[in-house]
Amino acid sequence: IVLELLTGMLLPYDQRAYWATVVGINMASDAPGVGGWIRDLLTDGRGEIGIVTLVRFYFLHVCVLPIMLILLVVAHLGSLQKTGSAGPPGGSPPDPQQTFFPLQAFRDLVVSALGTLLLFVIAALSTDELGEPASRTVEGFTPYPDWYFLAHFQLLRVLPSGWQQVATVYVPGGLCAALFLLPFLDRGAERHPRRRPVLTGAGVLVVLIGVVLWLGGYRDMVAHQDDPGIPSVADADPLARGKALYEQYECYTCHMIDGDGIEYGPDLTRVARRVRADYFGPFLRNPQSLVSESEMPPFEGTEQELAEIIAYLRSLK
C-alpha cells in the first residue's frame, strides 16, 4: 500500500508531486547496500526525476503493484482456507466445518464493494486541483508532503543530526517486520485486547506517537501554505531572497543548517568558513565537475537566483 501511495504521488506531475517524490526517492536511497540501486531504478539512472521516472512510476502503480496485491490476497485466502478463521476477539470461534464459500466470500465481496463505492464518492466530491506543472525553477512554490506521509516527514524533522537512516529505513522497516512476524511470535490462544496488555499497550503507543507526529506535520504544512513565498526584489535584499530560494528548492531535504533540515548531504552550518567564495557558483551549476561522486543535481535557476542563493550561503559563517 505504501508503495502504491509513493508511486501514485508523482502521477499528477505538478509541483507538489514533483518535490514530494524528490524527498521520497532520497529517503529510499538511504537503504543500506541497495539504496543507490533503488534510486537508479526509480529514476533515469542518475537520480534525476523526469519523463523516465514518470513512466516507471506509472508502470509500477498500475501494473506491477496491483498484481502483487492480488497475489497477496490470494495467499491470504489460501492460508485462511487451511487454518480457518479465528473469529471475533473475545468471541467464540466459528464452526471449523464452515467453508469460505459462499457465506464468507459474500461478506468479503460486500465489504470490497462498499470500499470501492466510498472511493468513488471521495473522488467525486474532492475539490483538489492540479497545481503548476513540475519544474525546478518556478518561483513562489512552497512544497509539503501529502497527508499520508506527514507523520513520517515530521519524524525526519524531529530526530537529531545523523539519525536520518533511523527515520527513513529502520523505523518503517522495523514496524513492517513486527507486523509480519507478529502471528509467528505471538502464538497464544487469547485474543481479547484487555487480556494482552503488552501487545495492546505497544500498539496504542505506536498509534499515539504517529498521531502526535502527524499533528506536528500538519501544523508545519499549514504554516508552509500560509508562507507568502519568495519575496520580490523590491521587497527584500538578495540575502533574504537567497534564503527563500533555498527553502523553495527544498534544499533542506538534503542539507541541514543549525539542526534544521535532513542530513542527506553535507551540513551547511557555517559552510562559508569551510568553502572558498568562488567555489559556490561552479559547484551549484555542475556539482559532478568538481566532485565526481556527488549526487546533487545541477542548479537550473536563473543567474539572479544563483547569485542570491550564493549570497545566502556565504552568509553562513
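F283 sits at a relative accessible area of 17% in this predicted model, so this phenylalanine counts as buried, the cut-off being under 20%. Y279, by contrast, comes out at 28% relative accessibility and is therefore partly exposed.

Now for the aromatic pairs, of which the structure has eight. One of them joins Y148 to F149: the ring centres are 5.0 Å apart and the planes meet at 70°, so this is an edge-to-face pair. Y279 and F283 also pair up, with ring centres 5.6 Å apart, and because their planes are at 15° the pair is stacked. In the Y148–F149 pair, Y148 is partly exposed at 27% relative accessibility, while F149 is buried at 12% relative accessible area. Ring pairs also tie W147, Y148, F149 and F153 together into a cluster.

Next come the nonpolar cores. In soluble globular proteins, nonpolar side chains tend to be buried together. Here the largest nonpolar core contains 26 residues, and L268, L284, I309, L313 and L316 have the most contacts inside it. Two or more residues come from each of helix 2 (15-28), helix 4 (51-83), helix 9 (238-248), helix 10 (280-285) and helix 12 (303-314). Helix 12 is the top contributor, giving five residues to this core. As for L313, leaving aside residues up to four places away in sequence, its contacts are L268, V271, A272, F280 and L284.

A second core, separate from that one, is made up of 13 residues, among them M9, A20, F149 and I262. F149 thus turns up both in the aromatic cluster and in this second core.

Key:
Residues numbered from 1 in each chain as written. Predicted model: local features only at pLDDT ≥ 70, side-chain atom pairs only at ≥ 80, totals over all residues. Heavy atoms only, no water. Phe/Tyr/Trp six-rings, centres within 6.5 Å; stacked < 30°, edge-to-face > 60°. Buried < 20%, exposed > 50% of the residue type's maximum accessible area, 1.4 Å probe, protein only. Core = buried A, V, L, I, M, F, W, Y, C linked by side-chain atoms within 4.5 Å. Helix = DSSP H or I, 4+ residues; strand = E, 2+ residues; numbered from the N terminus. Contact = heavy atoms within 4.5 Å.
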